[in-house]
Amino acid sequence: MENRPLEYDYTIAKMFMLTTIAFGIVGMLIGVILAFQLAFPGLNLILGDGLAEYTNFSRLRPLHTDAVIFGFTLSGVFATWYYVGQRVLKVSMAESRLLMTLGKLHFWLYVIVVAAAVYSLFAGVTTSKEYAEFEWPIDVGVVVVWVIFGMSMFGLIGIRREKSLYISVWYYIATFLGIAMLYLFNNMEIPTYFVTSPAGESGIGAWYHSVSMYAGTNDALVQWWYGHNAVAFGFTVPIVAMIYYFLPKESGQAIYSYKLSLLSFWGLMFVYLWAGGHHLLYSTVPDWMQTMGSIFSIVLILPSWGSAINMLLTMKGEWQQVAASPLIKFMVLGSTFYMFSTLEGPIQAIKSVNAIAHFTDWIVGHVHDGVLGWVGFMIMASLYHMAPRVFKREIYSKSLMAAQFWIQTLGVVLYFSSMWIAGITQGMMWRAHDEFGNLAYSFIDTVTVLHPYYAIRGVGGLLYLVGFLMFAYNIYKTMSSRPVEERELQSASPMGA
Amino acid sequence: MFHWLEKHPFFFAVGVFIAIAFAGLIEILPNFAQASRPVIGTAPYSTLELAGRHVYIKNSCNACHSQLIRPFKSETDRYGHYSLSGEYAYDRPFLWGSKRTGPDLMRVGNYRTTDWHENHMKDPQSVVPGSIMPAYKWLFTNSADIDTVYAEQLTVAKHFAVPYNQDVPMKDGSVQNVKMASSIAEARSLALEEAKVVAADMKDQDVKDAVARGEIPEIVALIAYMNSLK
Amino acid sequence: MSIAELQAYGYFVLTFLLVVVLYGYIYHLYTKKRDADGVDYESYSNMALKDDIDDAPVSALSDEKVPFEGAKK
């Protein structure tokens, strides 16, 4: 090798940055289509009668959730890991050929599995369990990708120069372990292809079909233990990892209290897993588990706010940066939305509130103020911070970023406010009785009343998508039309006018 | 002890794992010992009903319809008796859903007919004005996959002791015996027998012709499943 | 003993243990303020702030590995 100083190698990070943007566009576009289908059902035939099977709401809905969770968010997690991991461990991917190979393998297998998942969901091959819709062949692929990610992560940790692990690395490790455990246990299933009939026939039916190891109430219990914590370890833990690195780095401020960050970590790890029961209130799972789910959801406010307040206090004395830098705006609003949705969630987990909120659009609203306001904002902010450093070019346009921020913020506000109203309206109408004790409304009355809110929600989602396209364009122009800088850009993100 | 953990990634990972596995260990695993026992009156799904369940899952009906009636007056007034754990004993996977964009379907068989479903699936707005449900016309032309259903029946009978070909007690004191075939050919003919009963109440001539030819359109299976939800 | 009783005891014992451990951790962090290597916890923030490949680590893993030649101190 020529005599060059050692540098961080962002090859893999760049690859995952591209899939973050690509899957983000796909997932959000499908989301916007779904939103408008609810307001204007004619859109179920958006590609004509012949393709109705593939464009109708119910077939597209799992594609939307999975594209956003496993496409957009996971890509963002991988992209930031391959960036942050090297830097806080002070070791370059270029130092180990093995790790480079693993990283590339990780990326390509991931892309293949995502492609297979998209194909199968369009075809209607699904187990019906939310965020675990994939049939067993794809589950096997997911496990392989995850193991390679783990090897790649612990491999990098193994050759580190920094003795202690930075708090972000703790969160990345927890992401890896949490998802591994949850995914495995929730997807326990028996392939049906290998059974033999009394007549001696074997290899019957579709080879990819399987049946869940758990039945009924038990299945529900495991599924929501998974479903709730897939949110924990996909939408909270790795995003906290991002903000603990990118906010201090971008603002140049040390974390307000490193000790508090350590405490919140252990608190979150211990408490989060218990809260899954709040998805099953008033169902047929044992009562004590429902109560436990409620209580722990309330306790969960503490560690969540521990992290969020720590982040906001990091900006102490530096609030002028929020006005000056659109990138800091994204992060500060992101942590504010995190506080907001981690307060909203426990409120919805209170049994009497849940009686109204469950099965309504309020839950959908809650998910989206978390994912649009917190996850989406943080991933985009992270990529904006990384782009100048990995491409060695300044960000294309600061004013475009600022415009994007305001458009998307407006989108999120329209989204959750309309869903609050829709959810509470419908919840109250379902339970309304007239003076004789009869139900006051037929079901369809409670649907038609939602039309204006569904339309507003669609507009909110569309604004967010427009902002995301501005983000994609900004990154694309950064990559292609900015002059290359001599060396890696330092400290706060440089901004073109 | 703590700072030691922070510098030893392996043991750190073990510590994190213990903290997160703890809830599952205490909360979920022990409950499996008392696996869902069926209540009286709950029978396994017949071949055609299970095929209909597959159609239900394939089209993600559970994205908009729940199958869980909560113990509130407003829900029991609207949908019938609240759900009991044992009623789900043969549900693999469970289909409770998480969002009621449309009404609950746990006991839809009690108050909707074959005829109603047929019209509704073809053109929901003609039956329920103002409905935002899309039409499911392809169910009338696609054929149900009976072989996969049969493989699933064999699997659950073998691994989970689902009582096919056994007498199951009903609420009125009678017994019901749900048949499972002993070969693929028999499974297909069992399903077809059931399909003929459903198709007799339907109006769509193409569907009737298909069943007469020995095919089973998805809609027939789905309606058989809907009618079994009681 | 029934499974439900075991569950209850297991729940109580483990929760108690974890509460003790967590409060012990808090006590440790705020009294000692430093870890066994004498590094102030708060200085670990510098792992993010000074993360160029030629920055000196906050606490190096071992002497021979750190840092590579030409690193600034």
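**Exercise 1. What percentage of the 73 residues in chain C do buried residues make up?**

Solution. The model is a predicted one, in which local features need pLDDT of at least 70 and side-chain atom pairs count only at pLDDT 80 or more, whereas totals for chains, interfaces and linings use all residues. Residues are numbered from 1 along each chain as its sequence is written, chains are lettered from A and ligands numbered from 1 in the order in which they are written, and side-chain values use heavy atoms, with hydrogens and water left out.

Step one is to fix the term: a residue is buried under 20% relative accessible area, exposed over 50%, and partly exposed in between (1.4 Å probe, protein chains only). By this rule, buried residues make up 30% of the 73 residues in chain C. As a second step, look at the secondary structure, where chain C has two helices and zero strands; helices (H or I, at least four residues) and strands (E, at least two) are DSSP runs, numbered from the N terminus. Finally, chain C exposes about 4600 Å², of which carbon and sulfur atoms supply 63%; such areas come from the Shrake-Rupley method with a 1.4 Å probe, and for residues only the protein chains shown count as cover.

**Exercise 2. Locate A:Gly227 and A:Leu184, and decide for each whether the residue is buried or partly exposed.**

Solution. Begin with A:Gly227, which has its place in helix H7 (residues 216-251) of chain A. Its relative accessible area is 1%, and therefore A:Gly227 is buried. A:Leu184, in turn, is found in helix H6 of chain A, and because its relative accessible area is 44%, A:Leu184 counts as partly exposed.

A:Leu184 also belongs to a nonpolar patch on the surface, together with A:Val143, A:Val147, A:Met151, A:Phe185, A:Met188 and A:Met213, and the patch has about 570 Å² of accessible area. Patches are made of residues with over 30% relative accessible area and no salt bridge, where like charges are joined within 9 Å and nonpolar side chains (Val, Leu, Ile, Met, Phe, Trp, Tyr) within 5 Å. Helix H5 (136-158) and helix H6 (167-186) of chain A each supply at least two residues of this patch, and the largest share, three residues, comes from H5(A).

**Exercise 3. Which residues lie closest to the centre of the largest pocket, and which element gives the largest share of its lining?**

Solution. On a 1 Å grid over the protein atoms alone, a cavity is a set of points where a 1.4 Å probe fits but cannot get out, while a pocket is an open set with protein on both sides within 12 Å along at least five of seven lines, and lining residues have an atom within 4 Å of a point. The largest pocket has a volume of about 780 Å³. Of the 40 residues that line the largest pocket, B:His65, B:Gly102, B:Pro103, B:His120 and B:Met133 are the closest to its centre. H5(B) gives the largest share of this lining, namely four residues. By class, the lining has 26 nonpolar, 11 polar and three charged residues, where Ala, Val, Leu, Ile, Met, Phe, Trp, Tyr, Cys and Pro count as nonpolar, Asp, Glu, Lys and Arg as charged, and the others, Gly among them, as polar.

**Exercise 4. Describe the salt bridge between A:Arg61 and A:Glu130, and state whether each partner is buried or exposed.**

Solution. First recall that side chains of opposite charge can pair when their charged atoms come close. A salt bridge is a side-chain nitrogen of Lys or Arg within 4 Å of a carboxyl oxygen of Asp or Glu. The closest N and O atoms of A:Arg61 and A:Glu130 are 3.2 Å apart. This pair links distant parts of the chain, with A:Arg61 in helix H3 of chain A and A:Glu130 in the loop between helix H4 (97-122) and H5 of chain A, 69 residues apart. A:Arg61 is buried because its relative accessible area is 19%, and A:Glu130 is buried because its value is 8%.

For a contrast, take the salt bridge of B:Lys179 with B:Glu186, whose closest N and O atoms are 3.6 Å apart. B:Lys179 is partly exposed, with a relative accessible area of 45%, and B:Glu186 counts as partly exposed at 24%. Elsewhere, A:Arg87, A:Lys249, C:Asp51 and C:Asp52 are joined into one network by salt bridges that share partners.

Technical notes: Points joined across faces, edges and corners; volume = space filled by probe spheres on them.
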